[in-house]
Amino acid sequence: MLNLSEHRRLSLERSLDLVNHSPSGFEWGYSGSGPAQLACALLLDYYDDEQFTREHYIAFRNQVVSQLECDGAAACWHLTGEEIDAAMATLTDDVVALADGGRPSPSLPENWRTVSRPDRRVFQRADRDHYIVLGDGTDEWLVVLCSQGDRAYPAPLAHRTVAEDADVERVIQELAEESNNLIEPPEGEH
């Protein structure tokens, strides 16, 4: 990927510092982790605004990057700044989980953040594509640890059903630890 206006490569590393969906590189043409990383990198490069990028890269992936095609050097996609601006002007439907002040939740490990969504309580692992979603049923809570990965919909990794009056915070802590045990953060990142 090249930023032709400045004749330099699009930085995978800079986008990985913001979100880690695909450390192996960028992809396009579908809604997965490689396209999510590309969407993040494109918005971060073009707007140079981490908060804006965090808020909009999933919608940008779903509506723009997932539609890009490349059938050889002569028929490969490119995006101009005007096209990115035009696309961003139309993106309103996808709800993105936003960090609540960017601070770790006091009851979770340091690499986890509480995030805000209008429809449910969500916790996001900062260094991997793992989420804990808290959904309430009629008389119990469903707490799910999941990962987006290359799939259009998150894949459950583990879950717990908890009585409404039980200690839900403890279950969330357990699932966060389970995620941390599945994939340890890279050396020096805690």
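**View A. Cys 76 is partly exposed, at a relative accessible area of 31%.** The model shown here and in the other views is predicted. The sulfur of Cys 76 is joined to that of Cys 70 in a disulfide, with S to S at 2.0 Å. Cys 70 is likewise partly exposed, its relative accessible area being 31%. The torsion about the S-S bond is about -110°, so this disulfide is left-handed. The structure holds one disulfide, no more. A disulfide is a covalent bond between the sulfur atoms of two cysteines.

**View B. Cys 40 and Cys 146 are buried cysteines.** Cys 40 has a relative accessible area of 0%. For Cys 146 the relative accessibility is 7%, which also counts as buried. The cut-off for a buried residue is under 20% relative accessible area. Cys 40 is in contact with Thr 53.

**View C. Thr 53 sits in helix H3.** This helix covers residues 50-63. Thr 53 is buried, with 0% relative accessible area. What does Thr 53 touch, leaving aside residues up to four places away in sequence? Its partners are Leu 18, Cys 40, Leu 43 and Leu 44. One of them, Cys 40, is itself buried at 0%. Another, Leu 43, also takes part in the contact of H2 with H4.

**View D. Helices H2 and H4 pack against each other.** H2 spans residues 33-47 and H4 spans residues 81-90. Two packed helices are described by the angle between their axes and the distance between the axes. Here the angle is about 110° and the axes are 11 Å apart. Angles of 65 to 115 degrees count as roughly perpendicular, and H2 and H4 are therefore roughly perpendicular to each other.

**View E. Side by side, the residues of the contact between H2 and H4.** Which residues meet in this contact? H2 contributes Leu 43, Tyr 46 and Tyr 47. H4 contributes Gly 81, Glu 82, Ile 84, Asp 85 and Met 88. By class, five of these residues are nonpolar, one is polar and two are charged.

**View F. Trp 28 occupies the loop between helices H1 and H2.** H1 runs over residues 12-18. Is Trp 28 buried or partly exposed? Its relative accessibility is 25%, so Trp 28 counts as partly exposed. Trp 28 and Leu 38 are ten residues apart in sequence. In space, their C-alpha atoms are 7.4 Å apart.

**View G. Confidence varies along the protein chain.** The mean pLDDT of the chain is 76. A value of 70 or more is reached by 73% of the residues. Where is confidence lowest, and where is it highest? Strand S1, residues 2-3, is lowest with a mean of 46, and H2 is highest at 92. Residues 93-102 have pLDDT below 50. In the model, this stretch makes 25 contacts beyond near neighbours in sequence.

**View H. The whole chain sets the close-ups in context, with five helices and eight strands.** The order along the sequence is β-β-α-α-α-α-β-β-β-β-β-β-α. The chain has 190 residues, of which 42% are buried. Consider contacts between residues at least 6 apart in sequence: 44% of them join residues at least 24 apart.

Terms used. Residues numbered from 1 in each chain as written. Predicted model: local features only at pLDDT ≥ 70, side-chain atom pairs only at ≥ 80, totals over all residues. Heavy atoms only, no water. Axes fitted to C-alpha atoms, helices over the stretch in contact; angles between N-to-C directions. Helix = DSSP H or I, 4+ residues; strand = E, 2+ residues; numbered from the N terminus. Parallel < 35°, antiparallel > 145°, perpendicular 65-115°, else oblique. Contact = heavy atoms within 4.5 Å. Nonpolar A, V, L, I, M, F, W, Y, C, P; charged D, E, K, R; others polar. Disulfide = S-S within 2.5 Å. Buried < 20%, exposed > 50% of the residue type's maximum accessible area, 1.4 Å probe, protein only. pLDDT = per-residue confidence, 0-100.
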